[in-house]
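Me: Could you take me through one part of this fold in detail, starting from a single residue and working outwards? I'd like to see how its neighbours, the strand pairings and the surface fit together.

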Amino acid sequence: MSSSDDTVLDPPHRLVISYRGRYDPGLAAEPSSRVSWLIEPDADGVTLLTVVHDQLDTAPKTAEAAER
């Protein structure tokens, strides 16, 4: 389970949340990081989805979990 403290919603282009992994005590003790979903139209009716998990400088355990 996770928790989101702040949300930015710009339909249908972008969703941004602050993230803290509350499913693990070590992750829950760290500051929130940020996850962004960017949605862009591309050629031939295809949609490009880019997911970025950042602001991990003060959350090294979350950064490690995100790399797995």
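**From a buried threonine to the strands around it**

Reply: Leaving out residues up to four places away in sequence, T62 touches Y19, L27, E30, S33, H53 and L56. This is a predicted model, so please read everything below as a description of computed coordinates.

T62 itself is found in helix α2, which covers residues 60–67. Its relative accessibility is 6%, so T62 counts as buried, the cut-off being under 20%. Across the protein, buried residues make up 24% of the 68 residues. The contact list also gives us a way into the strands. Y19 falls within strand β3, residues 14–21, S33 within strand β4, residues 33–41, and H53 within strand β5, residues 47–54. With T62 touching each of those three residues, the helix residue leads us straight to the part I'd like to look at closely: β4 and its two partners.

For orientation, the protein has 2 helices and 5 strands, and along the sequence they follow the pattern β-β-β-α-β-β-α. On one side, β4 is joined to β3 by 6 bridges, and these two strands run antiparallel. A handy register mark here is R14, which stands opposite L38 in β4. β4 also pairs with β5, again in the antiparallel sense, over 8 bridges. In that pairing V35 stands opposite H53, and H53 is one of the residues that T62 touches.

What about the turn linking β4 and β5? The hairpin has 5 residues between the strands, and D44 takes a positive phi there. The phi of D44 is about 60°, although D44 is not a glycine. D44 is placed in the loop between β4 and β5, and at 80% relative accessibility it counts as exposed. If you follow β5 away from that turn, you come to a second case: Q55 has a positive phi of about 55° and is likewise not a glycine. Q55 lies in the loop between β5 and α2. It counts as partly exposed, at 46% relative accessibility.

The same pair of strands also carries a salt bridge. The side chains of R34 and D54 meet at 2.8 Å, N to O. R34 lies in β4 and D54 in β5, so the pair ties together parts that are 20 residues apart in sequence. A search of the whole structure finds 1 salt bridge. Both partners are partly exposed: R34 has a relative accessible area of 29%, while D54 is at 23%.

Further along β4 we reach I39, which is found in that strand. I39 is in contact with P12, H13, T47, L48 and L49, leaving aside neighbours within four places in sequence. T47, L48 and L49 fall within the residue range of β5. As a distance check on the backbone, the C-alpha atoms of I39 and T50 are separated by 6.6 Å, although the two are 11 residues apart along the chain. At a relative accessible area of 33%, I39 is partly exposed. It joins L49 and V51 in a nonpolar patch on the surface, with about 260 Å² of accessible area together. For comparison with the whole, the protein exposes about 4900 Å², and carbon and sulfur atoms supply 55% of that area.

The contact between I39 and P12 takes us out of this pair of strands to another loop. P12 lies in the loop between β2 and β3. A cis peptide bond joins P11 and P12, with omega at about -5°, so if you plan to set up the model, you will find that bond there. The surrounding hairpin joins β2 to β3 through 3 residues. β2 spans residues 7–10 and pairs with β3 in the antiparallel sense over 4 bridges, with T7 standing opposite I17 in β3.

Stepping back to the whole chain, the C-alpha trace spans about 45 × 25 × 20 Å along its principal axes. The radius of gyration is 14 Å, where a compact globule of 68 residues would have one near 11 Å. Among contacts with a separation of 6 or more, residues 24 or more positions apart account for 20%.

Note on methods:
Residues are numbered from 1 along each chain as its sequence is written. This is a predicted model: local features need pLDDT of at least 70, side-chain atom pairs count only at pLDDT 80 or more; totals for chains, interfaces and linings use all residues. Side-chain values use heavy atoms; hydrogens and water are left out. Patches are made of residues with over 30% relative accessible area and no salt bridge: like charges are joined within 9 Å, nonpolar side chains (Val, Leu, Ile, Met, Phe, Trp, Tyr) within 5 Å. Accessible areas come from the Shrake-Rupley method with a 1.4 Å probe; for residues, only the protein chains shown count as cover. A salt bridge is a side-chain nitrogen of Lys or Arg within 4 Å of a carboxyl oxygen of Asp or Glu. Two strands pair if DSSP finds at least two bridges between them. Buried means under 20% relative accessible area, exposed over 50%, partly exposed in between (1.4 Å probe, protein chains only). The radius of gyration is taken over C-alpha atoms; the globule rule is 2.2 Å times the number of residues to the power 0.38. Contact means heavy atoms within 4.5 Å.
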